[in-house]
Amino acid sequence: MKVKVNDVELDLPPGTSAIDAVFAAGYDVPYFCSQEYMSPIGACRMCLAVVGAPRKERDGSWIMDEATGEPKIFYFPNPMATCTTAVMEGMVIDTLSDVTKKAQGGMMEMHLINHPLDCPTCDKGGACELQDRAYEYGSGESRFVFTKRHNEKHHALSDLITLDRERCIHCKRCVRYFEEVPGDEVLDFIERGGHTFIGTVEDGLPSNFSGNITDICPVGALLDTTSRFRGRNWEYDHTRSTSLDDASGSAITIDARTGRIERIKGALNTQVNKNWIDDGTRFGHEYVDSGDRIKTPLLRKNGKLEPVTWEEATHFIAEKLKTLSGDALGIVLRSDATLEEGVAAKALADHLKTGQIDHYPRYASSVIPANPASFNDLATAGAIFVMADATEEVPMIDLRIKDALKGVNPPTLMPHGVPIADLRLKERMPRKTNILTVAAPYRVDLMKHAGQVIDYKAGTEAQLLQQILDGSTDAGKALKESLTAADNAVIVLGAFVLNSAEASKLADDLAKATGAKLMKLGAMANSFGLEAQDVLPAKSDYSYPNMLAGSAKGLIVSGLNPAQNAEVAQMLGGLELLVVHDLFENETTALAHVVLPAKSGYEKEGTVVNLEGRYLSVNAAPVDGGQAVDFTGVVKELGDALGERLEGRSVRSSRRLLKKELELDLNDLPLEGTVVAAKSGKVSGLKPNSSGNALLVPSMVRPEYLSRNPHLLASTGGNALRLHPADAASYQLSNHDVIRVSVGGFKRLLSVHISESIPEGTLLLPALPDQPAGLVQVDVNSIRKEQFALEVA
Amino acid sequence: MVELATIKPFFAERQDVLNEILGRYPDYGRRSAIMPLLWEVQRAERYVSEARVHEIAEIIGIQPTEVKGVMSFYSTYHEHQVGKYHLQICSTLACSLAGSDEMYDFISEETGLVNGETDRQGLFSIQKVECLGSCTTAPVLQVNDTYYENVGKSRCKVLLDALRRGEMPEPWRERYGDNEGVEKAKPLQNTAKTGGNA
């Protein structure tokens, strides 16, 4: 459609909003209520412009202007909100006229009537849409001489989000966000007119994606409690990176100041997370700045770990390695290590001629599907079968499935990026819940939105998949038919399926039989990449669990804490060499000969491959990690001590190798990443439990760091042991009891959470990197309640 | 979060009323039942407590916050218990010009209450409200569901005295330009002996 914005003529597809036409033409209008990926509602009235269009005679010809001989433009009697106006053939939009300027200036003045103008003490100052627009479009003066409305300045909407009710301009972004994006309507306007405020009657904000409202708030009303009063926007170093919290590869912005991470914000990746991130990713960064981080290498001298120089530490290791040649040494990385670290570990293993190399946690079957689905496949799918606790494993899957339920395809990008007002989106759209089937051994969040729910007993994944494949049950048959009939069907497989080689094989068969694409949720951020790079044992006897069972005489462990298991700890105590590369002291460092300081996922430079097979850049934020290095740094230092220039001695060196192999320059990845086809690796050597009275479940919040994330700890109440009231009664537990219990040999500290929705006879507790999701035996006789002495003042 | 278990659900014994109200709307418009359900609760209990908000949300299958949002939009739904006589003083333009502020001051002085308060006995609540739609007979005072029009100081005094005795006077209504013609005001019976400034 031909549209004219001021002096620029454009040809735009029908359905484009007038505000997008203005931005596409390179002009600007102010707006507060419109938001990418959400419905336009015309609430703030800032995007007013003079708009007109030609009209047609009854015979279909244009009504002509006799003076010019052109079709006559009929202007709307008042300025129009361009965000809710669709373009028409021949439309004329005028954003520069005096009428437009006056209307916008007037609206600006109106917005500021009750705004406290406390910019000097506001965390949003310097990055505030209201502030910017007031400078650009406001008159700088107010005629409002009366007392402003006063309201609560520090209202805790939840433990993680603080609301300043005076600053709110009622744009309704946050209210719409909850209904439209995660589908949990937990926030609403209360009262009316000048008294309106946003509020909730729930207990906090019961949503897994609540933090996103702090990103989209155009003023300083909604703020991330973890970063409130920590710094000004212009003092922060903004580093765009990729989250290493889960396998989605969501884009984040790390805001750091004076060597500390102050906050994490969502960043735009149109192919992956759009603008959104989950609360685990957003609020789970405080551990990085915890005071007890290891910042120098430590060497055990006379039974005590003492700070030493890198040289001293690596010389000690090099000496030991002389006697530990060949397959006596094991090297293990945690599965959120970058590709570059994987290459470095392999280079080190090759140099030391050991086949004992692995990454962990990983599952008994491959996480690289033959026919992988992308996030956009998921968001446009006609039938979805989820066999996972997707919200906890890879939260972004949850949000993108909700896109599919709305049935609106991802928007086509405009010259200025994502459309600001996508007129296809509406408030309270009907959801096609019948396209979604969710199967899990317990009640998972996504079931609220699913048309079909399948409950099964943990450990019977293979039987369930067999039933679906055979069509031997009605539900199974219907599911198979709907997957086959749909144009674009996607099957999402989580830990419970991937942990069983048999179930995994059946799921592959189901995908083949129905033509569905597969999404396999890797255990951690780079599970896909490390498997594709073959950071795997040379033979199944050399897998990580086997190393811990005694196949190695020396061990280099990065990011893992195997000594939580008492039996393993005993074995580790007898090793000739134990090198631990980690952030904090733990049970394993207590046994280590050498401890090397590691970088957190926010400080690393590197590349990860998300569950689609998308290569994404991880960039380093300026965080004070002391002498911490990533694993490429460990390899470099060891190489120096061994007198060798090892491959993978730096990110650059690893990338040189990867470039040859992948024909992909990792220094030059686009922001949205690049998908490269991969083959599944030879995963073997894992024998997960097939029985037990408890289920280790994935969790969005990383349990290993929870005690060092004070805000998340307060809001979640600690790692939970979830169980049915009947079980609680039989173990004499009551809600909020804090207990210590032995779980498959691991000593765990858990808080009791009783709920009817947990299947009777099964205890649920969060999986750890060293204790991945799956069945486990809880020794119920070992339950000990923690006693807290309450002092009464 | 209010524990529903401890409070008896309002609609448990009113299944017929509930079904009638829900039956008015198609399945996809179930949330339209929010207002009639709120009204049903308020008529019986004179206000809608938090527990009832949660109950209605559960009946409709939405979040309690949404019910609260709807409820708080309308000043006719009450969050807190109101008195036996809920005095609603119209304070929009026409009534304001005709002296609703003076009426408010008078009632406030008489009852010792300010806007939004209820007295200890639970007899009176006073509230300033927006236009009651009876501008030709301003100022207007609405007591519970009854309109009292052209309420000057003396009428107000008589009315309050009557209410204190537990009598609800017949509404005096004055219509101008109506098809049915002028309805004469009933003469006010100044039964109670009023004090000094009456």
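Which hand, left or right, does the crossing of H6(B) and H7(B) have? The crossing of these two helices of chain B is right-handed, and this report on a predicted model starts from that contact before turning to the rest of chain B and to chain A.

## The helix pair in chain B

Helix H6, which covers residues 100–111 of chain B, packs against helix H7, residues 153–164 of chain B, at an angle of about 35°, and the two axes are 10 Å apart. On the side of H6(B) the contact is formed by B:Met103, B:Phe106, B:Ile107 and B:Glu110, which meet B:Lys153, B:Cys156 and B:Leu160 in H7(B). Sorted by class, the residues of the contact of H6(B) with H7(B) comprise five nonpolar and two charged ones, with no polar residue among them.

## Chain B as a whole

Chain B holds seven helices and four strands, and their order along the sequence is α-α-α-α-β-α-α-β-β-β-α. Of its 198 residues, 28% count as buried. Among the contacts in chain B with a separation of 6 or more, 58% are accounted for by residues 24 or more positions apart.

## Where chain B touches chain A

The two chains meet through 13 residues of chain B, which are in contact with 14 residues of chain A. On the side of chain B that touches chain A, helix H3 (50–60) and helix H4 (64–73) of chain B each supply at least two residues, and H4(B) gives the most, with seven residues. By class, this side of chain B divides into six nonpolar, four polar and three charged residues.

## Nonpolar cores

In soluble globular proteins, nonpolar side chains tend to be buried together. In this model the largest nonpolar core has 232 residues, and those with the most contacts inside it are A:Leu378, A:Ile384 and A:Val492. Helix H8 of chain A, residues 339–352, contributes the largest share of this core, eight residues. Setting aside its neighbours within four places in sequence, A:Leu378 is in contact with several residues, among them A:Ile384, A:Ile397, A:Ile401, A:Val490 and A:Met519, and also including A:Arg400. A second, separate core has 19 residues, and B:Ile107, B:Ile126, B:Leu141 and B:Val151 are included in this second core. B:Ile107 is also one of the residues in H6(B) that meet H7(B).

## Domains of chain A

The domain assignment divides chain A into domain 1 (2–111), domain 2 (148–289), domain 3 (311–361 + 528–675), domain 4 (376–412 + 431–516) and domain 5 (694–785). Between domain 2 and domain 5 of chain A, the distance from one C-alpha centre to the other is 28 Å. Their contact takes 13 residues from domain 2 of chain A and eleven residues from domain 5 of chain A. The side of domain 2 of chain A that touches domain 5 of chain A has three nonpolar, six polar and four charged residues.

## Particular residues and backbone angles

A:Met414 sits in the loop between helix H11 (395–406) and strand E20 (436–440) of chain A. Because A:Met414 has 17 C-beta neighbours inside 10 Å, A:Met414 counts as partly exposed. Apart from its neighbours within four places in sequence, A:Met414 is in contact with A:Asp20, A:Ala24 and A:Pro419. From A:Met414 to A:Leu765 the separation is 351 residues in sequence and 45 Å in space, C-alpha to C-alpha.

Most residues other than glycine have a negative phi, and most peptide bonds are trans. The table gathers some exceptions.

| Place | Feature | Angle |
|---|---|---|
| A:Tyr360 to A:Pro361 | cis peptide bond | omega about -5° |
| B:Ala138 to B:Pro139 | cis peptide bond | omega near -5° |
| A:His170 | positive phi, not a glycine | phi about 60° |
| A:Lys172 | positive phi, not a glycine | phi near 75° |

A:Pro361 lies in the loop between strand E18 (357–360) and helix H9 (375–379) of chain A, while B:Pro139 belongs to the loop between strand E2 (124–129) and strand E3 (141–143) of chain B. A:His170 is placed in the loop between strand E8 (161–163) and helix H4 (173–180) of chain A, and A:Lys172 is likewise found in the loop between E8 and H4 of chain A.

Are these two residues, A:His170 and A:Lys172, buried or partly exposed? A:His170 counts as partly exposed because 18 C-beta neighbours lie inside 10 Å, whereas A:Lys172 is buried, with 22 other C-beta atoms within 10 Å; the cut-off for a buried residue is 20 or more.

Key. Residues are numbered from 1 along each chain as its sequence is written. Chains are lettered from A and ligands numbered from 1 in the order in which they are written. This is a predicted model: local features need pLDDT of at least 70, side-chain atom pairs count only at pLDDT 80 or more; totals for chains, interfaces and linings use all residues. Axes are lines fitted to C-alpha atoms, for helices over the stretch in contact, and angles run from 0 to 180 degrees between N-to-C directions. A crossing is left-handed if the near helix is turned anticlockwise from the far one by less than a right angle, and right-handed if clockwise. Two residues are in contact if their C-beta atoms, placed from the backbone, lie within 7 Å. Ala, Val, Leu, Ile, Met, Phe, Trp, Tyr, Cys and Pro count as nonpolar, Asp, Glu, Lys and Arg as charged, and the others, Gly among them, as polar. A residue is buried if 20 or more other C-beta atoms lie within 10 Å of its own, exposed if 12 or fewer, and partly exposed in between; C-beta atoms are placed from the backbone. Domain bounds come from an automatic or database domain assignment. A nonpolar core is a set of buried Ala, Val, Leu, Ile, Met, Phe, Trp, Tyr and Cys residues joined through C-beta atoms within 7 Å.
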